Amino acid sequence: MADVLKNVFLSLSNNRTLNRAAQNYGLQLGAKLVVAGTNIEETMETIRQLNSRGIEATVDHLGEFVYEREEAIAAKMKILDVLDAIHESGVKAHISIKPSQVGLDIDYDFCLENVLEIAEKAAQYGIFINLDQENYERLHATFAILETIEQRYPNTAGTVIQAYLHEAPQLLEKYSGYRLRIVKGAYKESEQVALTSKAAIDEQFVALLEAHLLNGKFTSVATHDHEIIQHIQKFVAMHNIPADKFEFQMLYGFRTDMQQQLAKDGYQFTTYVPFGADWYGYFMRRLAERPQNIQLVTKQVFTKKTNTVIGVAAAAFILGRLTKK
Ligand SMILES: Cc1cc2nc3c(=O)[nH]c(=O)nc-3n(C[C@H](O)[C@H](O)[C@H](O)COP(=O)(O)OP(=O)(O)OC[C@H]3O[C@@H](n4cnc5c(N)ncnc54)[C@H](O)[C@@H]3O)c2cc1C
């Protein structure tokens with residue numbers, strides 16, 4: 001059942017029509033609990049609150065399904081505004097960007113130009129950029145963009161290694177000189193490119209984390225998995241990994257108590273703070289990861305009566321898939 005729901009939500013996350021519709025409805029279906037807001041001001045306020053509790057932020061201006069140059073340019077402008085807002089307000093934050101948002105699916109050179117403009121401003125302000133990893137089709141282009149940023153603006157950018165990829169160990173070795181966020185991986189991939197068993201993914205995830213921690217470059221341990229977090233806490237203590245060489249990261253709205261506790265215990269901690277009108281794909285991937293999060297949806301849909309086209313379409317889609325067999 002969990003696998004069926006996972007696939008349903010991953011398929012929904014790729015539905016461009018629902019994505020467009022969702023943008024007209026503001027934050028719905030419980031998305032408010034995991035998306036900081038729709039504008040920069042609200043987001044800066046959220047970050048101030050996190051900072052006051054010893055937590056830093058990585059800000060993601062949400063945006064997917066970008067196939068028009070104007071949309072990519074608008075996304076780039078918004079990200080430049082976020083950099084200005086971080087710089088001017090002095091909050092402790094960096095940014096996370098998805099290359100597809102600034103034109104990767106339109107044209108590689110156009111995307112690179114946009115990313116470099118962002119990197120130039122980030123380097124000027126001393127703000128770090130994380131290039132998020134998306135689905136496998138965009139993987140190698142994202143690494144190529146990273147290498148170009150590194151040549152022009154050294155130490156300004158890093159990226160993500162998705163542990164579910166068969167080639168993750170080779171990628172980790174090749175990019176061992178970079179600051180890396182290591183995750184399990186969130187997209188629907190074929191067996192040809194990715195591991196499918198949870199046990200195998202967890203095992204590869206831990207091995208990659210340990211290797212990068214030992215390598216001495218900065219590691220972001222990005223997971224809500226308490227067992228893996230406990231394992232890493234023991235590992236860093238045993239290997240005397242300096243506290244400024246790693247951090248834990250979690251998503252905004254998830255395991256908030258644990259986020260707070262880790263920061264209180266003296267670990268460097270960064271919360272991934274997404275904001276913007278384009279919340280749909282991000283939210284569907286979160287539902288795919290943890291079907292219990294469906295409670296977020298049902299509470300919103302049935303107690304607050306926020307029935308939207310998305311709610312109806314999602315329910316119809318799920319029912320259709322579940323009754324197919
Ligand atoms: C900061 C950050 C950035 C990310 N960036 C990317 C990216 O760029 N590209 C990408 O592909 N993926 C990214 N991801 C998503 C990632 O790949 C995983 O899909 C996602 O984190 C779910 O896996 P997990 O490690 O958190 O634990 P899971 O495998 O989902 O959960 C493991 C166990 O942890 C416990 N648990 C998990 N969540 C909860 C909860 N909310 N409440 C209580 N218990 C819980 C449960 O016991 C569960 O069985 C990112 C994740 C984070 C945290």
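Visitor: What share of this protein counts as buried, and what makes a residue buried?
Guide: Of its 325 residues, 53% count as buried. The word means under 20% relative accessible area, while exposed means over 50% and partly exposed covers what lies in between (1.4 Å probe, protein chains only). Please keep in mind that this is a predicted model, in which local features need pLDDT of at least 70 and side-chain atom pairs count only at pLDDT 80 or more, whereas totals for chains, interfaces and linings use all residues. Residues are numbered from 1 along each chain as its sequence is written, and side-chain values use heavy atoms, with hydrogens and water left out.

Visitor: Why is S220 called buried?
Guide: Its relative accessibility is 2%, and the limit for buried is under 20%, so S220 qualifies. You will find S220 in strand β6, residues 219-222. Helices (H or I, at least four residues) and strands (E, at least two) are DSSP runs, numbered from the N terminus. By that count the protein has 13 helices and eight strands.

Visitor: What makes the pair S220 and Q249 a polar contact?
Guide: Their side chains are joined at 3.4 Å. A polar contact is a pair of N or O atoms within 3.5 Å; within protein, one must be able to donate a hydrogen and the other to accept it, and residues adjacent in sequence count only if both atoms are side-chain atoms. The value of 3.4 Å is within that limit, so the name applies. Q249 is also one of the residues that S220 touches beyond its neighbours within four places in sequence, along with R179, L180, R181, I182 and E247. Contact here means heavy atoms within 4.5 Å.

Visitor: Why is D132 called buried or exposed, and which side chains does it pair with?
Guide: D132 has a relative accessible area of 4%, which is under 20%, so it is buried. It sits in the loop between β3 (129-131) and α6 (139-152). Its side chain makes a polar contact of 2.8 Å with that of N130 and another of 3.0 Å with that of R181. D132 also comes together with a residue from elsewhere in the chain: S96 is 36 residues away in sequence, yet the two C-alpha atoms are separated by 6.2 Å.

Visitor: Why does N240 get a different label from R255?
Guide: N240 has 65% relative accessibility, which is over 50%, so N240 is exposed. R255 has 36%, a value between the two limits, so R255 is partly exposed. N240 lies in the loop between α9 (226-238) and β7, and R255 in the loop between β7 and α10 (256-264). Each has a positive phi without being a glycine: about 50 degrees for N240 and near 45 degrees for R255.

Visitor: What makes a group of residues a nonpolar core?
Guide: Such a core is a set of buried Ala, Val, Leu, Ile, Met, Phe, Trp, Tyr and Cys residues joined through side-chain atoms within 4.5 Å. The largest one here has 74 residues, and I86, I95, I118, I129, I149 and I161 touch the most other members. Apart from it lies another core of 13 residues, among them A31, V34, Y272 and W279. In soluble globular proteins, nonpolar side chains tend to be buried together.

Visitor: Which residues come nearest to the ligand, and what counts as near?
Guide: Near means that one of a residue's heavy atoms lies within 4 Å of the molecule or strand in question. There are 25 residues around the ligand, and K184, G185, T223, H224 and E289 come nearest. β7 supplies the largest share of this shell, three residues.

Visitor: How do you know that Q162 makes a polar contact with the ligand?
Guide: A polar side-chain atom of Q162 is 2.9 Å from an oxygen atom of the ligand, and that distance is within 3.5 Å, so the pair fits. Backbone atoms take part as well: a polar one of Q133 lies 2.9 Å from a ligand nitrogen atom, and a polar one of A186 lies 3.0 Å from a ligand oxygen atom. The protein covers 84% of the 950 Å² of accessible area that the ligand has on its own. Accessible areas come from the Shrake-Rupley method with a 1.4 Å probe; for residues, only the protein chains shown count as cover.
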